[in-house]
Amino acid sequence: MKLLIFSASTGGGHKRAAAALEDTIHRLNPEVEVTVVDGLRAIGKMYDTTSMAFINDIKRLYPDIFEKHVENEKTVITGIASVLRQAQDENLVIKRINPEIAAYLFSQSMRQLHENPNGAKYGFKEEDIFDHLFISFLRGVATIKGIEMIEYLEKNQPVNQ
């Protein structure tokens with residue numbers, strides 16, 4: 001079995017949590033092939049360092065470069081959709097979910113949160129918002145078997161990492 005863990009280097013201990021999760025999975029089943037991916041880095045380093053105004057200027061002034069950005073985004077969405085299809089095959093994700101649409105919606109939600117970080121106005125840390133979005137997304141597409149796996153992994157995850 002292969003398992004993909006999405007994490008994010010946002011300063012909230014996500015790397016340590018992902019490593020602890022990977023270690024726990026290997027202890028429970030050494031045969032599982034685990035891959036840890038920094039989701040924000042996978043979406044593209046551009047989001048970490050550029051503003052939307054700059055991206056819009058690139059779109060207007062350099063459409064060929066912007067098209068490369070769009071292709072990168074499509075690659076990320078395709079990758080997420082592939083993981084969702086595999087999870088459907090393993091009965092972890094609801095079969096009636098369209099993996100491409102779900103991946104697109106997740107990607108756009110993450111992008112919207114990153115581009116409009118208003119959570120601080122309400123006292124929320126950005127990494128906590130991303131965590132909640134990710135867990136809500138997983139629970140929303142998961143079967144009962146998938147939810148049981150999520151709950152097991154959450155229960156055995158180190159706290160405050």
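Here are four short exercises, with worked solutions, on how helices pack and where a pocket sits in this predicted model.

**Exercise 1.** Work out how helix α6 and helix α7 are oriented to each other, and which residues meet.

*Solution.*
Step 1: Start with the general idea. Two packed helices are described by the angle between their axes and the distance between the axes.
Step 2: Find the two values. α6 covers residues 99-115 and α7 covers residues 126-141; they pack at an angle of about 165°, and their axes are 11 Å apart.
Step 3: Turn the angle into words. Angles over 145 degrees count as roughly antiparallel, so α6 is roughly antiparallel to α7.
Step 4: Add the handedness. The crossing of α6 past α7 is right-handed.
Step 5: Look at who touches whom. From α6 come A102, F106, S109, M110, L113 and H114, and they meet E126, I129, F130, L133, F134, F137 and V141 of α7.
Step 6: Sort these residues by class. You get 10 nonpolar, two polar and one charged.

**Exercise 2.** Now do the same for α5 and α6: what is their angle, and what makes the contact?

*Solution.*
Step 1: Helix α5 spans residues 63-89, and α5 and α6 pack at about 125° with axes 8 Å apart.
Step 2: That angle falls outside the parallel, antiparallel and perpendicular ranges, so α5 and α6 are oblique to each other.
Step 3: α5 passes α6 in a right-handed crossing.
Step 4: On the α5 side, the contact includes H69, E73, I77 and R85, while the α6 side includes P99, Y104, F106 and R111.
Step 5: Sorted by class, the contact of α5 with α6 has nine nonpolar, four polar and four charged residues.

**Exercise 3.** Decide how α7 and α8 lie to each other, and sort their contact residues by class.

*Solution.*
Step 1: The axes of α7 and α8 cross at roughly 150° and come within 9 Å.
Step 2: α7 and α8 are therefore roughly antiparallel to each other.
Step 3: α7 brings I135, L138 and R139 to the contact, and α8 brings I147, I150, E151 and E154.
Step 4: The classes come out as four nonpolar, no polar and three charged.

**Exercise 4.** Describe the second largest pocket: which residues line it, and which helix gives the most?

*Solution.*
Step 1: Rolling a probe the size of a water molecule over the atoms shows where empty space is left.
Step 2: In the second largest pocket, that space comes to about 180 Å³.
Step 3: List the lining: M1, L3, I25, L28, N29, V32, M149, Y152 and L153.
Step 4: Match residues to helices. α1 (14-28) and α8 (144-155) each supply at least two of them, and α8 gives the most, with three.
Step 5: Sort by class: the lining has eight nonpolar residues, one polar and no charged.

Definitions and conventions: Residues are numbered from 1 along each chain as its sequence is written. This is a predicted model: local features need pLDDT of at least 70, side-chain atom pairs count only at pLDDT 80 or more; totals for chains, interfaces and linings use all residues. Side-chain values use heavy atoms; hydrogens and water are left out. Axes are lines fitted to C-alpha atoms, for helices over the stretch in contact, and angles run from 0 to 180 degrees between N-to-C directions. Helices (H or I, at least four residues) and strands (E, at least two) are DSSP runs, numbered from the N terminus. Angles under 35 degrees count as roughly parallel, over 145 as roughly antiparallel, 65 to 115 as roughly perpendicular and the rest as oblique. A crossing is left-handed if the near helix is turned anticlockwise from the far one by less than a right angle, and right-handed if clockwise. Contact means heavy atoms within 4.5 Å. Ala, Val, Leu, Ile, Met, Phe, Trp, Tyr, Cys and Pro count as nonpolar, Asp, Glu, Lys and Arg as charged, and the others, Gly among them, as polar. On a 1 Å grid over the protein atoms alone, a cavity is a set of points where a 1.4 Å probe fits but cannot get out, and a pocket is an open set with protein on both sides within 12 Å along at least five of seven lines; lining residues have an atom within 4 Å of a point. Grid points are joined across faces, edges and corners, and a volume is the space filled by probe spheres set on the points.
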